[in-house]
Amino acid sequence: MANQGAGGGRGKVVVIGGGIAGSYIAKTLQFHGNLTLIDPKEYLEIPWASLRGMVEPTFAERSLIEHKDYLTGSRLIVSNAIDISDSEVLTSEGRLVPYDYLVIATGHGDPLPKSRAERLKQYQAGKINPNPKQS
Ligand SMILES: Cc1cc2nc3c(=O)[nH]c(=O)nc-3n(C[C@H](O)[C@H](O)[C@H](O)COP(=O)(O)OP(=O)(O)OC[C@H]3O[C@@H](n4cnc5c(N)ncnc54)[C@H](O)[C@@H]3O)c2cc1C
């Protein structure tokens, strides 16, 4: 039998955006389809925990969650989606990601570091702006 991947050969689901909505959807659907999450960050940041993380940086260690830690049955592409067609998503690296079902959960796109370690360093250095677009 051909390798049908973690989704058991069912439809290809692509989720764009690994914030609160996209991460929750990806975690929930990961074993029901062949799922790919596209996000420019390697981690989910829980936004409403950022204020506490600013005054207590160790708290950020719990509110910055690597996508790979909860996405055990799917694929992560660390990139921005820059275009979509009826059947594919184009990433900023020029990669085409085919889909049968597409979830767009891009919320707001603040310029945050790509890695959890870099983001934790910002908390530890007290360099967090909870609303970067107003800086
Ligand atoms: C300080 C703070 C406190 C808050 N407190 C509360 C609260 O107490 N209660 C509450 O209900 N809400 C609160 N909110 C609001 C809540 O965080 C948002 O409503 C929620 O995060 C929206 O989730 P989302 O998944 O739609 O978008 P987001 O969380 O904004 O996630 C969007 C994701 O999409 C990614 N993305 C963007 N563009 C692209 C692209 N082109 N390609 C791929 N990925 C992309 C981003 O990197 C991000 O990971 C708070 C927000 C902040 C900032």
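How do the residues of the shell around the ligand divide into nonpolar, polar and charged? In this predicted model, eleven are nonpolar, ten polar and two charged.

**Figure 1. Close-up of the shell around the ligand in the predicted model.** The ligand has 23 residues around it, and those that come nearest are G17, G19, A21, W48 and G107. At least two residues of the shell are supplied by each of α1 (20–29), β2 (34–39) and α2 (50–55). The largest share is that of α1, which gives three residues.

**Figure 2. Close-up of the open sheet of three strands, ordered β6-β7-β8.** Pairing in this sheet is antiparallel. Because β6 (81–84) and β8 (96–98) stand at the edges and have a single partner strand each, one side of each is left without a neighbour in the sheet. From one strand to the next, the twist averages 30 degrees.

**Figure 3. Close-up of the pairing between β7 and β8.** Strand β7, residues 88–91, runs antiparallel to β8 and is joined to it by three bridges. Opposite V89 stands V97 in β8.

**Figure 4. Close-up of L71 in the loop between α4 and β5.** The loop that holds L71 lies between α4 (67–70) and β5 (75–78). L71 counts as buried because 21 other C-beta atoms lie within 10 Å, where 20 or more are required. Leaving aside residues up to four places away in sequence, L71 touches A26, K27, Q30, L37 and L76. One of these contacts, K27, is 44 residues from L71 along the chain, while the C-alpha atoms of L71 and K27 are separated by 6.0 Å.

Definitions and conventions
Residues numbered from 1 in each chain as written. Predicted model: local features only at pLDDT ≥ 70, side-chain atom pairs only at ≥ 80, totals over all residues. Near = placed C-beta within 6 Å. Helix = DSSP H or I, 4+ residues; strand = E, 2+ residues; numbered from the N terminus. Nonpolar A, V, L, I, M, F, W, Y, C, P; charged D, E, K, R; others polar. Pairing = 2+ DSSP bridges. Axes fitted to C-alpha atoms, helices over the stretch in contact; angles between N-to-C directions. Buried ≥ 20, exposed ≤ 12 C-beta atoms within 10 Å, placed from the backbone. Contact = placed C-beta atoms within 7 Å.
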